[in-house]
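Good morning, everyone, and thank you for making time for this short presentation. Please have the sequence and the structure open while I talk, so that you can follow along.

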Amino acid sequence: MDYLRNFFVNLARSWTAWIGGFLPDWGVNLVNYLVVGIILVLMPVIATLTLTWMERKVIGRIQNRIGPNRVGPWGIFQAFADAVKMLIKEDIVPSGADKPVFNLAPILIAGAAALLWAVVPFGRGMIGQNLNIGALYVVAVGSITTIAVIMAGWSSNNKFALLGAFRVVAQLLSYEIPMVLSIATVVLVTGTMRMGDIVERQVAPFIVVLPVAFITYLLAAAAETGRAPFDLLEADSEIVAGYFVEYSGLKFGWFYIAEYGNLFAIAAITTTLFLGGWRGPFVSVAPALGPFYFVIKSVAVIFVLMWIRGTWPRFRIDQMLAFAWKVLVPASLANLLWSAIVLQIGRQPEQLGPTIVQMILLLVGNVAILAVTGLLLGRAARRYAAQHGWAGA
Amino acid sequence: MFLFVVFALIALAAAVGVITSRKPVYSALFLLLNFATLAALYIMVEAQFLAAVQIIVYAGAVIVLFLFVVMLIGGGELDDIGGRNKKFLARLTWPRGIALVLGLGLLVAVGYGLLSGQLMTATNDAAAFGQGSVQAIAAVLYTDYALPFELASILLLVGMIGAVALAQPPKKD
Amino acid sequence: MVPLSWYLILAAALFCIGVFGALARRNAVGILMGIELMLNAVNINLVAFWRHIGPDQMTGQLFAIFVITVAAAEAAVGLALIIAIYRQRNTVNVEEIDMMKG
């Protein structure tokens, strides 16, 4: 039973013991680091190969089409065909481009996408590194993406690319604040920044305890990854393809991989923070179910994001920034304040995670914040409609 | 030891890059490299929280601001230390000469002071105290250092208002 | 373990490079970058002293955090100033911004 509880830790131990039989100590470390590194790098690639197919199928169904259906059954090998096409394409560097920066940007953005996976807990003890600053690490790695996007946009020597980069700066910096605030709420409630421990202390999934934080995080994450309806940075009808318009071949592929790797990573972090991670029925008996639950929940989050993309029109840039500053930031600040107050009520020393009473209080506060936000938004919408003389005013 | 030397050399090279690059964007990117190596050094001394803050504040905010301003105001070439067509001495105008002398003098003075003093090695284990962790920092920051903390937040507020007020376009009459 | 003096020498070198950059650059953005370099060099010292002399007290790290806060505020205000000057005078060369000269 005890062996099963820490299944993955024990698996790793036996693996280390096995290769330790014929390798010196530094060799064991080297092999282990290499294995972890290769898994980290492979995650975004796997995500791209599976998610592009899923996205095209889902969007196709939403738009009343079939989606890819030529390569393999249900078109599941479409992504591989696309990958091969991308690999054999000519790699073009525009003559006016700033070469070093132009070449560095895709590496940086793909590296950041891979780095995010280091702190994602797939199961009990099945985490690259249970950093004591795990939640901050996620934010820190996310900020590297911003830099890479600016580098790509500037070095392309293209007006559309530079415009895309400018939009990215405004968008990512604005949406980072509600994202950090909602992560901070979870950190406050669990009392830890270790991603593994956040899951351990999440007795009830935080989506039902902190719905405001969940919604804020999901919207901010959609904006951070540049998904519709927040895809202004690559709005193809306005600024062609935004910051990576000049990229082709494998370098374009890196941006593509980073985009889908980030999408999967964001979904995985949402799962970790709000959906209880690898928790689920019978996990304590059969820990191998943990990663299975984890992937199922992540894919569900990704499906919701695709659903939003398929149904909502794109925001205008000023509307989008106003939404971040005037709606998301106040709502998540109020939520953070309420959480801090609730956690002070009846706090026991050495308490791990919230008690039942605290969770109910948190939920009440969250529902109140949601109601007030909805009320104010509805009133603003009616006023706006009345000003423009639209129907429904 | 080996890692420290590697990171220190990268940091120094990046710092030299910051002040010799002709393109301001390169300067900003070298500055980013410098900050990133410093974050790595912080991790080596078990100050993980500081390393994360370093990356978030500098890479996520300060460098982005620098790049943004450089792109906004055109980002033309800095006719500066790395001027291409002139000899080294011709580029050494008197302010730069004084700057070079001052910088080198400071380096020599500090270096001499350090080397003549005794070399100190760490005896304590920071990890044993859990001092790199967020809890340890927060426990002190919100009790003993509450006043500096509040002052810092007021400073940030003033900075924010000042930046918004300064960057506003002038009103047209 | 790396001796304390190595950190101090690295910090001193970075500080001197920062001083030289701040004094020798004529572009206002370049000067700000030099100042950022100097502030970071100070941070290395603070963290190194914390680690080597009193890892059971947090003073060094807290000072470093305050320095980072100040550096962020300074960068924001400084860059806003640069933009304002650029709007007025169409230059960021500090040798041309000498309206106060008698």
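I will go through the chains, then the places where they touch, and then a few residues and helices in closer view.

Before anything else, please keep in mind that this is a predicted model, and that the model as a whole scores ipTM 0.86 and pTM 0.82. For chain C, the mean pLDDT is 82, with 96% of its residues reaching 70 or more.

Let me begin with chain A, which contains 15 helices and zero strands. Of its 393 residues, buried ones make up 44%, and if you take the contacts in chain A between residues at least 6 apart in sequence, 77% of them join residues at least 24 apart.

Chain B also has zero strands, and its helices number eight, so to read its pattern along the sequence you simply say alpha eight times, α-α-α-α-α-α-α-α. In this chain of 173 residues, 35% count as buried, and residues 24 or more positions apart account for 57% of the contacts with a separation of 6 or more.

Now to the places where the chains touch. How many residues of chain B are in contact with chain C? There are 70 of them, and they meet 58 residues of chain C. Several elements of chain B give two or more residues to this side, including α1 (2-20), α2 (24-44), α3 (48-72) and α5 (94-116). When we sort that side of chain B by class, we find 58 nonpolar residues, 10 polar ones and two charged ones.

Turning to the contact with chain A, 17 residues of chain B are in contact with 18 residues of chain A. On the chain B side, α2 and α3 each supply at least two residues, and the largest share, 12 residues, comes from α3(B). By class, this side of chain B has 14 nonpolar and three polar residues, and no charged residues.

The helix α3(B) comes up once more when we look at the largest nonpolar core, which has 187 residues, and in which A:Ile109, B:Ile63, B:Phe66 and C:Leu14 touch the most other members. The largest share of this core, 18 residues, comes from α3(B). If we pick out B:Ile63 and leave aside residues up to four places away in sequence, we see that B:Ile63 touches A:Ile147 in chain A, as well as B:Ala28, B:Leu31, B:Leu32 and B:Tyr58.

Let us look next at a single residue of chain A, namely A:Pro178, which sits in helix α7 (residues 159-190). Is A:Pro178 buried or exposed? A:Pro178 is buried, because 27 other C-beta atoms lie within 10 Å, where 20 or more are needed. Beyond its neighbours within four places in sequence, its contacts are A:Thr216, A:Ala220, A:Ala324, A:Leu328, A:Val329 and A:Ser332. A:Tyr217 is 39 residues away from A:Pro178 in sequence, yet their C-alpha atoms are 7.1 Å apart in space.

Finally, in chain C, please find helix α2 (residues 28-53) and helix α3 (residues 59-89), whose axes come within 8 Å and cross at roughly 175°. This angle makes α2(C) roughly antiparallel to α3(C), since angles over 145 degrees count that way. Among the residues that meet are C:Leu32, C:Leu39 and C:Trp50 in α2(C), and C:Phe63, C:Val67 and C:Ile82 in α3(C). The residues of this contact divide into 16 nonpolar, five polar and one charged.

Terms used
Residues are numbered from 1 along each chain as its sequence is written. Chains are lettered from A and ligands numbered from 1 in the order in which they are written. This is a predicted model: local features need pLDDT of at least 70, side-chain atom pairs count only at pLDDT 80 or more; totals for chains, interfaces and linings use all residues. Two residues are in contact if their C-beta atoms, placed from the backbone, lie within 7 Å. Helices (H or I, at least four residues) and strands (E, at least two) are DSSP runs, numbered from the N terminus. Ala, Val, Leu, Ile, Met, Phe, Trp, Tyr, Cys and Pro count as nonpolar, Asp, Glu, Lys and Arg as charged, and the others, Gly among them, as polar. pLDDT is the predictor's confidence in each residue, from 0 to 100. A residue is buried if 20 or more other C-beta atoms lie within 10 Å of its own, exposed if 12 or fewer, and partly exposed in between; C-beta atoms are placed from the backbone. A nonpolar core is a set of buried Ala, Val, Leu, Ile, Met, Phe, Trp, Tyr and Cys residues joined through C-beta atoms within 7 Å. Axes are lines fitted to C-alpha atoms, for helices over the stretch in contact, and angles run from 0 to 180 degrees between N-to-C directions. Angles under 35 degrees count as roughly parallel, over 145 as roughly antiparallel, 65 to 115 as roughly perpendicular and the rest as oblique.
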